[in-house]
Amino acid sequence: MSPELISIMILAFAILVLVSQSFFTVSQQSVAVIERFGKYARCSYAGLNFKIPFIERSAGEISLRIYPLDVTLDTKTKDNVIVKVQVSVQYRIKEDRVYDAFYKLENAREQITAYILDLVRAEVPTMRLDDVFEKKDSIANAVKNELTGTMQEFGYEIVKALVTNIDPDEKVKSAMNEINEQQRLQVAAQAKGEAEKILKVKQAEAEAESKRLQGEGIANQRKAIIAGLQESVNEFQRAIPGVTAADTMSLALITQYFDTLKEIGAHSKSNTILLPHSPGGLKDIAAQLRDNIITGNLATSSE
């Protein structure tokens with residue numbers, strides 16, 4: 001092989017090495033940090049890029065995508081309940097702060113984790129267990145605001161912070177479920193008591209209305225009987241002149257007396273008890289009824 005050919009091959013190889021050292025590509029959503037003699041020079045973005053061979057070098061690439069970070073910790077509430085809290089944080093590097101993110105902070109995940117542990121353990125102990133569940137968004141906002149103010153110095157942006165899980169001890173959860181069950185039973189008992197109260201009130205009102213209507217029915221019945229007796233007395237006196245009203249009433253009572261005995265005897269399963277008496281005793285009964293009717297009429301007329 002001639003020296004000229006060897007020289008050409010060496011030159012071609014050198015050119016190839018220079019080209020390979022001069023051009024490089026950067027992935028999408030990534031930024032390459034270029035250093036010149038160990039000092040930061042510039043940032044190269046996605047696509048084909050150029051650097052001075054043997055003078056400049058790529059110190060590394062940083063992704064601009066969103067990173068997720070889940071942190072789980074144990075802490076105590078104000079009412080001395082140990083709870084396990086899980087916080088999820090989404091963060092990314094700002095495109096215009098790549099220098100700070102690359103050179104100022106060595107391990108962003110450890111730094112963010114430390115801040116989350118400190119913030120949650122300072123926030124949760126000021127709340128009762130029920131408040132921790134109700135105000136978990138407030139805890140997440142406090143974490144986000146504090147991390148945003150701290151991490152922006154290092155070129156990081158906190159996109160979102162969430163409290164994804166709050167898990168008390170199993171005994172505490174069982175107690176909470178029992179309290180909830182007892183409260184529901186208490187509400188159910190109160191509702192049942194109110195329903196029974198309403199039912200009894202309605203039954204009493206119905207009974208009172210029934211007695212009122214029954215009383216009106218008895219009063220109307222008695223009025224009808226009195227009217228019928230008056231008509232019977234008048235008819236009897238017109239049919240038999242000289243008969244007094246007392247004689248007519250006695251005859252009506254005797255007739256009613258025998259009708260009653262006939263009605264009782266017609267029922268084989270009657271449980272009515274008849275006291276010893278004689279038909280002659282009807283005279284005294286008739287006298288008593290007559291006196292009571294006269295007294296009632298006098299009282300009505302005096303009103």
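## Two antiparallel sheets and a buried threonine

Ile34 stands opposite Ser58, a residue of strand β5. In this predicted model, that pairing can serve as a way into the sheet to which β5 belongs, an open arrangement of three strands in the order β3-β2-β5 with antiparallel pairing. Because β3 (39-44) and β5 (56-63) have a single partner strand each, they stand at the edges, and one side of each is left without a neighbour in the sheet. If direction is ignored, neighbouring strands here are turned against each other by 30° on average. The connection between strand β2 (residues 30-36) and β5 consists of seven bridges, and these strands run antiparallel.

A further open sheet of three strands is built in the order β6-β7-β8, with antiparallel pairing. Its edges are formed by β6 (67-76) and β8 (156-168), each of which has a single partner strand, so that one side of each remains without a neighbour in the sheet. In this sheet the average turn between neighbouring strands, direction ignored, is 20°. As general background to both descriptions, the strands of a sheet pair through backbone hydrogen bonds, in either a parallel or an antiparallel manner.

Within the β6-β7-β8 sheet, the pairing of β6 with strand β7 (residues 82-93) is antiparallel and extends over ten bridges. One can locate this pairing in the structure by looking at Leu69, whose bridge partner in β7 is Val89. Two helices are then to be placed against these strands. Helix α3 (residues 108-123) lies across β6, β7 and β8, and runs at about 35° to β6. Helix α5 (residues 136-151) also packs on the sheet, where it touches β7 and β8, and its direction makes about 150° with that of β8.

The loop between β6 and β7 contains Thr77, and here one may ask whether Thr77 is buried or exposed. Its relative accessibility is 2%, and since a residue under 20% is classed as buried, Thr77 counts as buried. The side chain of Thr77 is joined to that of Asp79 by a polar contact of 2.5 Å. Which residues does Thr77 contact once its neighbours within four places in sequence are left aside? They are Val83, Val124, Pro125, Met127, Arg128, Leu129 and Val132. Of these partners, Val83 falls within strand β7 (residues 82-93), so the surroundings of this loop residue include a residue of a strand that the loop itself adjoins.

Note on methods:
Residues numbered from 1 in each chain as written. Predicted model: local features only at pLDDT ≥ 70, side-chain atom pairs only at ≥ 80, totals over all residues. Heavy atoms only, no water. Pairing = 2+ DSSP bridges. Helix = DSSP H or I, 4+ residues; strand = E, 2+ residues; numbered from the N terminus. Axes fitted to C-alpha atoms, helices over the stretch in contact; angles between N-to-C directions. Contact = heavy atoms within 4.5 Å. Buried < 20%, exposed > 50% of the residue type's maximum accessible area, 1.4 Å probe, protein only. Polar contact = N/O pair within 3.5 Å; in protein donor to acceptor, adjacent residues only side chain to side chain.
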